[in-house]
Amino acid sequence: MDDQAVTVWTVIKRFLIGWIIVGALLVVVSCVRYKEFIVTAFANNTWAWINAIIPIVIMVFTIGYLTRSLFR
């Protein structure tokens, strides 16, 4: 067996890795258990997300285009 010294960083790493593993496991279990609800919510809200994001995308491309044309 290794006689390795336990440092603060080792404890923090183990803590964070444990939380990441448990969080990923909970996400997988939730996606399997509530698949129908997630699919329904995604289908109902897809157009709302598209309608919210498209104006922002248009503004970003317009500002980029105007900036490029300004410095030509």
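What follows is a short walk through helix H1, its meeting with helix H2, and a few of its side chains. Keep in mind that this is a predicted model, where local features need pLDDT of at least 70, side-chain atom pairs count only at pLDDT 80 or more, and totals for chains, interfaces and linings use all residues. Residues are numbered from 1 along each chain as its sequence is written, and side-chain values use heavy atoms, with hydrogens and water left out.

Start with H1, residues 8–33; helices here are DSSP runs (H or I, at least four residues), numbered from the N terminus. How far should the 26 residues of H1 span? At 1.5 Å a residue the answer is 38 Å, and the end C-alpha atoms of H1 sit 37 Å apart, which agrees. The expected span is 1.5 Å times one less than the number of residues.

Now look at where H1 meets H2, residues 35–70. Their axes come within 5 Å and cross at roughly 80°, which makes H1 roughly perpendicular to H2 (65 to 115 degrees counts as that). The axes are lines fitted to C-alpha atoms over the stretch in contact, with angles from 0 to 180 degrees between N-to-C directions. On the H1 side, the contact (heavy atoms within 4.5 Å) uses Ser30, Cys31, Val32 and Arg33, while H2 brings Lys35, Glu36 and Ile38. Sorted by type, the contact residues are 3 nonpolar, 1 polar and 3 charged.

How well covered is H1? Hardly: 0 of its 26 residues are buried, where buried means under 20% relative accessible area, exposed over 50% and partly exposed in between, with a 1.4 Å probe and protein chains only. Leu16, in H1, counts as partly exposed because its relative accessibility is 45%. Trp19, also in H1, is at 57% and so counts as exposed.

Trp19 has a partner, too. There is 1 aromatic pair by the ring rule, which asks for ring centres within 6.5 Å. Phe15 and Trp19 have ring centres 6.1 Å apart and planes at 65°, so the pair is edge-to-face (over 60 degrees). Both residues lie in H1, 4 residues apart, about one turn of the helix, and both are exposed.

Methods:
Helix = DSSP H or I, 4+ residues; strand = E, 2+ residues; numbered from the N terminus. Parallel < 35°, antiparallel > 145°, perpendicular 65-115°, else oblique. Nonpolar A, V, L, I, M, F, W, Y, C, P; charged D, E, K, R; others polar. Phe/Tyr/Trp six-rings, centres within 6.5 Å; stacked < 30°, edge-to-face > 60°.
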